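Thanks, everyone. I'll take you through one model this morning. Please keep the structure open while I talk.

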Number of protein chains: 2
Amino acid sequence: MSQRRRPTQVDIARAAGVSQATVSLVISGGAASGQVAEHTRQAVLDAAAELGYTVNAAARSLRGGRNRLLGLYTFESVFPVDQRDFYFPFLLGVEEATAEFGYDLLLFSSVTSGERRIYSDGINRLKVADGCVLLGRHIDRAVLADLVHEDFPFVFVGRREVPGVELSYVAPDYVGATRDMVRRLTALGHRRFAYLRPADHQEPTRDREAGFRQGLAEAGLPDQPVHELPDDSPGADAELAALLAQWLADGVTALLVEPKEDDQAIVALERVAADAGVRIPEDLSVALLGDPTRSSAPGPVRDWTRFTLPREDMGRAAVGLLLELLDSDDGPRQLSVACAPVDGDSVGRPR
Amino acid sequence: MSQRRRPTQVDIARAAGVSQATVSLVISGGAASGQVAEHTRQAVLDAAAELGYTVNAAARSLRGGRNRLLGLYTFESVFPVDQRDFYFPFLLGVEEATAEFGYDLLLFSSVTSGERRIYSDGINRLKVADGCVLLGRHIDRAVLADLVHEDFPFVFVGRREVPGVELSYVAPDYVGATRDMVRRLTALGHRRFAYLRPADHQEPTRDREAGFRQGLAEAGLPDQPVHELPDDSPGADAELAALLAQWLADGVTALLVEPKEDDQAIVALERVAADAGVRIPEDLSVALLGDPTRSSAPGPVRDWTRFTLPREDMGRAAVGLLLELLDSDDGPRQLSVACAPVDGDSVGRPR
DNA sequence: GCACGGTGTTAATACGTATTAAGAACCGGT
DNA sequence: ACCGGTTCTTAATACGTATTAACACCGTGC
């Protein structure tokens, strides 16, 4: 492959008999390009095609122009190209909306020195793109603050807080959806609840819990116990069995569970309930506060009562919000997306 | 988005009492930076830290050339983000290898004026990336020739020929795999064959057919009939039933089928054989010359005897070849990838 | 004292693009 | 003929960085 110098706008200008500034007006196609006469415009395009011209993305970025590239970056260790990945539908929504808006999608998946990072040697790699959608549960909050400080346009998928800065994000309304789930359960007659959440305290977890407490307060019920999902250590089943026994002894008739991104905890819950002879929903109603992942356990899959977050729609909405940010001088924005209830069959009237 | 100006190397230079060139030497850390005195270097780093300096990647790229982006473009009308898409595994392989080599992957999926094209107003959009992997069965051969003429580095996935130019590609060895399949069937005792192929005459179809004829010649057998897969028009089943009847009357004991990208033809074949009371493989052995797609028909899925092409590996190999092209001045290259046999249960001894 | 080599810094420049104010040409009205 | 407005093009400049040859200074040897 010969390393021929690529043609620049100066080359096009010479070939078309105009100035480089005119070439730029035509090629960049902005509002000012309307000033250019049609015959001049055509001469420039002909010359560009003949010489095989294409824009130098770096030069355009340096000058503050746009490359019509939107980036996608995840803080998770695995890039979401596996269809079973929780984040895969977000990628589909992002890809679809990006294409529709006439942008190409840049997957920031490169690994250097065994790691994938936004900042490498102080250089923000994301700036190759005009803006970026960010995914992931376990974020680096310092990196987010850095992105805000350098005014790099991004939209995070999910609600996140970083002290001292305001972020743009598209987030499911977990507060409302969880409150509605409690409302539904109390309408069925449930008065005693238990609640299982992941051990970390990320914002989505805190939002669901806030919705839980709102739902209880609405129904005039006292605060009720919140527990952490056991991890997958050897004693986890025994721990869960003990919790289950305690709940039943306390008169708990409904359990709310925030699913993790794998289905291990839900599989364990079903196993422990079956071992204890507890039927779902006859003896204990169980509602999930989100979608379970595709089950990797053998056997029929339960149709859980839950709410579902529209992941593809959220990916699309993130792109829409990001493009709004690119087009305006306003500050960070937040968008809330409703979750949809799914009836399922894991909830019934209390015994 | 507030428009605060970010600190530049000129600002650092002023704060440290040195020139911008000295700042650049320190920050870029190349071989030449060893010339800078330690106390000067420290003053620069202190000033950079105090002012919150980060490198502008676009300016650095403009000065140096490459963006470390590899592109992916498909000539198919749908971008392969659906996991059932024939091309999805290629995308997975491309993404994985691209990340490993420290490049980010740019999906050229943008749609303008209702279309997705490489050349728009004569401008090659792919050139935002350093090079590009191309996919698709129904290609625009003129576009490929244009890419070659402008020395744009690309690798096509699959063997393709364009008059007057030589292309770089990674291709399955369909000739060898089909010849081996014929060899296997003749070893089982089959002497009379029928062959079904798609109606178009793309290179992969021609390669398989060449392998078929090689296998026959090896076994000292005369040429045998080649037919086109019926389309999905109303009379297609009748047409296929007539062919089946003719084959059986002629003593055909083995059928070779090149699968299309959908499974419609294979579903039809199974239906027609069952209607005619022809059992596979007892009455007629059937071997597929490639992978069938995931079946959309209800019921158990047959384990077809076939060869399989390693689509993810091919995606990876395409990236490897593309990076070789980027790093060398040599001309176009071709790489052949072996297909793996799958025993399946649709082939047996002739009656 | 002069010449040479080594060390350290910098002025100048280039990379390729986008923007803007200025200039030129043209047209219509008075 | 002159003036003002419109259309179109362009000279000049900026964006932020990396590179290179030139320069200044110092030390050493003759």
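Start with the surface near DNA strand C. Which element gives the most to it? It is α2(A), with four residues. α2 is not alone there in chain A: α2 and α4 (57-62) of chain A, together with α2 and α4 of chain B, each supply at least two residues. One caution before the details: this is a predicted model.

Staying with DNA strand C, 25 residues surround it. The closest are A:Ser24, A:Tyr53, A:Arg60, A:Arg63 and B:Thr40. What part of the DNA meets the protein? Of the strand C atoms that come within 4 Å of the protein, 66% belong to sugar and phosphate.

Now some individual contacts. A:Tyr53 places a polar side-chain atom 2.5 Å from a phosphate oxygen of DNA strand C. From the other chain, B:Thr22 has a side-chain N or O atom 2.9 Å from a phosphate oxygen of that strand. A:Arg63 goes to a base instead: an N or O atom in its side chain is 2.7 Å from a base nitrogen of DNA strand C. By class, this surface has 11 nonpolar, 11 polar and three charged residues.

Next, DNA strand D. Here, too, there are 25 residues around the strand. Which come nearest? They are A:Thr40, B:Gln9, B:Gln20, B:Ser24 and B:Tyr53. Sugar and phosphate make up 64% of the strand D atoms that come within 4 Å of the protein.

Again, the contacts. A:Thr40 has a polar side-chain atom 2.2 Å from a phosphate oxygen of DNA strand D. B:Asn56 uses its backbone, with a polar atom 3.3 Å from a phosphate oxygen of the strand. B:Gln20 is the base contact to look at: a side-chain N or O atom lies 2.8 Å from a base nitrogen of DNA strand D. Which elements give two or more residues to this surface? They are α2 (20-28) of chain A, plus α2 (20-28) and α4 (57-64) of chain B. The classes read 11 nonpolar, 11 polar and three charged residues near DNA strand D.

Let's step back to the layout of chain A. There are domain 1 (9-54), domain 2 (69-172 + 312-340) and domain 3 (174-308). The C-alpha centres of domain 1 and domain 3 of chain A lie 63 Å apart.

Now the sheet, which includes strands of both chains. It is open, has 12 strands and is mixed in its pairing. The order is β13(A)-β7(A)-β6(A)-β5(A)-β1(A)-β2(A)-β2(B)-β1(B)-β5(B)-β6(B)-β7(B)-β13(B). Why is one side of each β13 left without a neighbour? β13 (334-337) of chain A and β13 (334-337) of chain B stand at the edges, each with a single partner strand, so one side of each has no neighbour in the sheet. On average, neighbouring strands are turned by 20 degrees against each other, direction ignored.

Zoom in on one pair. β1 (residues 69-74) and β5 (residues 131-135) of chain A run parallel, over five bridges. Within that pairing, A:Gly71 has A:Cys132 as its bridge partner in β5(A).

Last, two helices of chain B. Helix α5 (residues 88-100) lies across β1, β2, β5 and β6 of chain B, and also across β2 (104-107) of chain A. Its angle to β2(B) is about 145 degrees. Helix α6 (residues 141-149) of chain B lies across β5 and β6 of chain B, at about 150 degrees to β6(B).

Notes:
Residues are numbered from 1 along each chain as its sequence is written. Chains are lettered from A and ligands numbered from 1 in the order in which they are written. This is a predicted model: local features need pLDDT of at least 70, side-chain atom pairs count only at pLDDT 80 or more; totals for chains, interfaces and linings use all residues. Side-chain values use heavy atoms; hydrogens and water are left out. Domain bounds come from an automatic or database domain assignment. Two strands pair if DSSP finds at least two bridges between them. Axes are lines fitted to C-alpha atoms, for helices over the stretch in contact, and angles run from 0 to 180 degrees between N-to-C directions. Contact means heavy atoms within 4.5 Å. A residue is near a molecule or strand if one of its heavy atoms lies within 4 Å of it. A polar contact is a pair of N or O atoms within 3.5 Å; within protein, one must be able to donate a hydrogen and the other to accept it, and residues adjacent in sequence count only if both atoms are side-chain atoms. Ala, Val, Leu, Ile, Met, Phe, Trp, Tyr, Cys and Pro count as nonpolar, Asp, Glu, Lys and Arg as charged, and the others, Gly among them, as polar.
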